[in-house]
Amino acid sequence: MKHLLRIILALLPVSLSGQEAPRVAYEIFVRSFCDSDGDGIGDLNGISAKLDYLAELGVDLIWLTPVSPSPSYHKYDVMDYRGIEPEYGTLDDYKELVKKAHARGIKVIKDLVINHSSEQHPWFLEAVKGPENPYRDFYVWMTPDRIDSLGIAVREGSPDSWELNPWHWAVEGETEKYYGLFSGVMPDLNYDNPVVRDSIFAIGQWWLRETGVDGFRLDAAKHIYPQWEAEKAHAFWQAFREEMEKVNEDVFLVGEVYADAEIVAPFFRGLGANFNIQMSEKLPFMVREGRDSDLVEFLLESYGTYTSENPAFVDATLLTNHDQNRVGSVLEGRTEDMKVAANLLLTLPGLPFLYYGEEIGMLGQKPDPQIREPFLWQLEDQDPDRTRWTTPQYSTDSAVAPLAVQRKDAQSLYRHYRKLIALRKSRPALAQVRQPNLLRIPVREELIAFVRPHTSGDVLVVHNLSDSPQQFTVPGEYFKLSRKLWKPRGLKPLGTGQWSLPAKSMLILAK
Ligand code: CA
């Protein structure tokens, strides 16, 4: 009975508290999104001013990249965990943003960067004073001999950090070095120290209580303990969740764990959602090749792995984020291909996270600032909202039509995203986030076909990834699904349940 009740609750779109669970999310790189005061830097009031735009697009959760004081432009190294970077606004602006978002049914999550602090955080400035300093143990220190004897002096590069030498001198030639997985300017905090744990838990609770923010995106969640003690991380996040739930029992937590499903899975014990980075490393390249590489099989296998740890897991899906080359550039700027990528993301299960600008086909390749270029609201000479903190190399007016232009064009990528999101949210079978409903239909590699089974009505989706028309036959048991929810231009019926799908297109059928 308890099990049945859990299934029923998971199927309900509305939680017991009456708040609707988010169904489409959006990552905002704060510096690049919208400038409200003419200094060229994106800010909180700029985001507030664009909430109607986000609501129009159909977004119901926004993730803001870090907004606390930091010496870097990206702010993933925090100097003051309770502060707001003056370039971005004030704490009152932040509270106002959360309030206005809630008024539009949009949740807000804060990027909480607690694996490491800035080297300029007051804790670290104390810690470097010497082994006797009371803050020394806030960080991870070791003598070179001990580092060597444990064999942890060097690490292999990983997609989330190419730092090969994670031990750094505060002062060259001292007795101890400190651990900074990402770099010397980002010293890792020591979560074996209960004072550090309690301080960080108090910071999380403070944001929930003080600002009404709905939860957190947990940066570098995988690395919260150094790699030689990685298994302690799972228990840490369970404790973190329990502490946050004391303030908000519906707190939304999504983790950044760059790894295979088996390694991600135990993080679901504490974090209700984790990003499916593997999917983002697969999907855009499949679209580029015009061929499936077992995407549905891959997803079904990961669901099985995640379920064993947490049956209520949320698969946070994405095409790209602020650390990856933009999908538009992977697809060499081809709008038709970007539409195929969007079609896949927005018809598969999970909670999709769009990266700002993806919906207008923004381009960008590393180095990082070029995958975080200013959002194009209007043509440049009429765009007071456009940020100017970096000179765009990829997303210029000549390469990407600004939003205002795309709004007026029924064939634009933006209009495609909006229509697709509206369709997703209108069908419970497509919008289901928890307990992903997905059945594979075997087809040749130019196609991907699946059913999203649901008590309110099954939906069948077929994608043609290739650049030529492809035939598809609806399997006998789904013959009743003959009403077209999404019909591509140039679709040809060939017989009962038989279709010729035009190149780079999608067909969605329901009863
Ligand atoms: Ca500004």
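**Why these labels? Strands, a calcium site and voids**

User: What makes β15 and β18 a strand pair?

Analyst: Strand β15 (residues 470-473) and strand β18 (residues 498-501) are joined by four bridges in the antiparallel sense. The cut-off is at least two bridges, so β15 and β18 count as paired. One bridge sets Q470 opposite L501 in β18. The model is predicted.

User: How do the side chains along β15 alternate?

Analyst: Q470 and F472 point to one face, and both are buried. Q471 and T473 point to the other face and are not buried.

User: Why is strand β10 called mostly covered?

Analyst: Buried means under 20% relative accessible area. In β10 (residues 314-318), five of five residues are buried. Both faces are covered. V314, A316 and L318 are buried on one side, D315 and T317 on the other.

User: Which strands pair with β10?

Analyst: Strand β9 (residues 273-275) runs parallel to β10, with three bridges between them. N274 has D315 of β10 as its bridge partner. Strand β11 (residues 351-355) also pairs with β10 in the parallel sense, again over three bridges. There, T317 stands opposite P352 of β11.

User: What makes β4 and β5 edge strands?

Analyst: The open sheet has three strands in the order β4-β6-β5, with antiparallel pairing. β4 (141-142) and β5 (167-168) each pair on one side only, and they are the edges.

User: How do you know that β5 and β6 pair?

Analyst: Two antiparallel bridges link β5 to strand β6 (residues 177-179). The rule asks for at least two, so the pair qualifies. W167 stands opposite Y179 in β6.

User: What makes D35, D37, D39, I41 and D43 donors of the calcium ion?

Analyst: Their coordinating atoms lie at 2.2 to 2.4 Å. The limit for Ca is 3.2 Å, so these atoms qualify as donors. D35, D37, D39 and D43 give OD atoms, while I41 gives O. Along the chain the donors follow the spacing D-x1-D-x1-D-x1-I-x1-D.

User: Is D37 called buried or exposed, and why?

Analyst: D37 has a relative accessible area of 52%. Exposed means over 50%, so D37 is exposed.

User: And I41: buried or exposed?

Analyst: I41 has 13% relative accessibility. Buried means under 20%, so I41 counts as buried.

User: How many cavities does the search find?

Analyst: Three of 30 Å³ or more turn up in the whole structure. The largest has a volume of about 50 Å³. The second largest has about 40 Å³.

User: What makes up the lining of the largest cavity?

Analyst: The residues are P66, V67, S68, V78, Y81, K110, D111, L112 and V113. By class, six are nonpolar, one polar and two charged.

User: Which residues line the second largest cavity?

Analyst: R326, V327, G328, M338, E358, G361, M362 and Y417 do. Four are nonpolar, two polar and two charged. Gly counts as polar, so G328 and G361 belong to the polar class.

User: What is known of the second largest pocket?

Analyst: About 700 Å³ of space lies in the second largest pocket. Its lining has 28 residues, with P159, D160, D323, K366 and D368 nearest its centre. The lining divides into 11 nonpolar, eight polar and nine charged residues.

Technical notes:
Residues are numbered from 1 along each chain as its sequence is written. This is a predicted model: local features need pLDDT of at least 70, side-chain atom pairs count only at pLDDT 80 or more; totals for chains, interfaces and linings use all residues. Side-chain values use heavy atoms; hydrogens and water are left out. Buried means under 20% relative accessible area, exposed over 50%, partly exposed in between (1.4 Å probe, protein chains only). Donors are N, O and S atoms within 2.8 Å of the metal (3.2 Å for Na, K and Ca); water is not among the atoms, so sites may look incomplete. On a 1 Å grid over the protein atoms alone, a cavity is a set of points where a 1.4 Å probe fits but cannot get out, and a pocket is an open set with protein on both sides within 12 Å along at least five of seven lines; lining residues have an atom within 4 Å of a point. Grid points are joined across faces, edges and corners, and a volume is the space filled by probe spheres set on the points.
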